[in-house]
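Hi everyone, thanks for coming. I'd like to walk you through a structure that is new to most of us, so please take a look at it while I talk.

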Amino acid sequence: NEESGIIVVASRNVVLHDNTVRSNAKGITVSHQERGAGSNCEWSLDNVVVRDNLVQMDRGHSGVGKWQVSDGDDIFAPDDTRVTFADNTYHLDGDGRYFNYMNRLVTAEDWRGYGQDISGTFIIE
């Protein structure tokens, strides 16, 4: 499906690395949602690392969002480490708002300003 890219929802202990994602409406997206619990654990977002990926975006977005959670905006607090983007390379079509953070679309500069992918490479084409 050309819309999907990679989406992680309410998952724990996930490392996404060395992927190539291109021409999708969503590059790599992590979604904080409360989904209850299974027989082994609570279905919640924790310890998600997105690193060393190549993401080519000419539309859509990558990033972190939340939906119907009891902890409010805690996922976006500077000291919250549940989701980390690092060392990814982004090829972006222009200087648009290709990143979702705090449930709004932001620029690459804003994305890094929020502490995400500070070590990443951003190529504006």
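Let me begin with a question: how far apart are the mean positions of the positive and negative charges of this protein? They are 3 Å apart, with 11 positive and 20 negative charges going into those two means. Before I go on, please keep in mind that what you see is a predicted model.

Okay, the overall picture. The protein has one helix and twelve strands. If you read along the sequence, the pattern goes β-β-β-β-β-β-β-β-β-β-β-α-β, with the helix sitting just ahead of the final strand. The radius of gyration is 14 Å, close to the 14 Å the globule rule gives for 125 residues, so this protein is as compact as a globular protein of that length. Put a box around the C-alpha atoms, along the principal axes, and you get roughly 45 × 30 × 20 Å.

What about the surface? The accessible surface comes to about 6,700 Å², and 43% of that belongs to carbon and sulfur atoms. Of the 125 residues, 39% are buried. And here's one on contacts: among those with a separation of 6 or more, what share comes from residues 24 or more positions apart? That would be 64%.

Now let's see how some of the strands go together. Start with β5, residues 46–51. On one hand, β5 pairs with β2, residues 12–17, in the parallel sense over five bridges. If you want a spot to look for, L16 stands opposite V50 in β5. On the other hand, β5 also pairs with β8, residues 83–86, again in the parallel sense and over four bridges. There, V48 has V83 in β8 as its bridge partner.

So that's one set of strands, and there's another one to look at. It involves β7, residues 61–67. Is that strand mostly covered or mostly open? Mostly covered: five of its seven residues are buried. Strand β7 runs parallel to β4, and six bridges join the two. In that pairing K26 stands opposite H61 in β7. Then β7 is also joined to β10, again running parallel, by two bridges. For that one, look at G63, whose bridge partner in β10 is N100. One general thing to remember while you turn the model: in a regular strand, the side chains alternate between the two faces of the sheet.

Let's zoom in on a few residues. T29 is in strand β4. Is T29 buried or exposed? Its relative accessibility is 8%, so T29 counts as buried. And what does T29 touch, if we leave out residues up to four places away in sequence? The list is I6, I7, V8, H61, S62 and G63. You've already met H61, opposite K26, and G63, the partner of N100.

Next up is T89, which lies in strand β9. T89 is partly exposed, at a relative accessible area of 23%. Leaving out residues up to four places away in sequence, T89 touches N53, L54, V55, T121 and I123. With V55, T89 is 34 residues apart along the chain, yet their C-alpha atoms are separated by 6.2 Å.

Moving on to the loops. G96 is in the loop between β9 and β10, and it is partly exposed, with a relative accessible area of 27%. Again skipping residues up to four places away in sequence, G96 touches V106 and T107. From G96 to I124 you go 28 residues in sequence, while the C-alpha to C-alpha distance is 9.3 Å.

Last stop: two residues with a backbone angle to check. D18 isn't a glycine, but it has a positive phi of about 60°. D18 lies in the loop between β2 and β3, and at 56% relative accessibility it counts as exposed, since the cut-off for that is over 50%. S23 is another residue other than glycine with a positive phi, near 60°. You'll find S23 in the loop between β3 and β4. With a relative accessible area of 40%, S23 is partly exposed.

That's my tour. Feel free to spin the model around while we chat.

Conventions: Residues are numbered from 1 along each chain as its sequence is written. This is a predicted model: local features need pLDDT of at least 70, side-chain atom pairs count only at pLDDT 80 or more; totals for chains, interfaces and linings use all residues. Side-chain values use heavy atoms; hydrogens and water are left out. Two strands pair if DSSP finds at least two bridges between them. The radius of gyration is taken over C-alpha atoms; the globule rule is 2.2 Å times the number of residues to the power 0.38. Buried means under 20% relative accessible area, exposed over 50%, partly exposed in between (1.4 Å probe, protein chains only). Contact means heavy atoms within 4.5 Å. Accessible areas come from the Shrake-Rupley method with a 1.4 Å probe; for residues, only the protein chains shown count as cover. Lys and Arg count as positive and Asp and Glu as negative; His and the chain ends are not counted. The place of a charge is taken as NZ of Lys, CZ of Arg, CG of Asp or CD of Glu.
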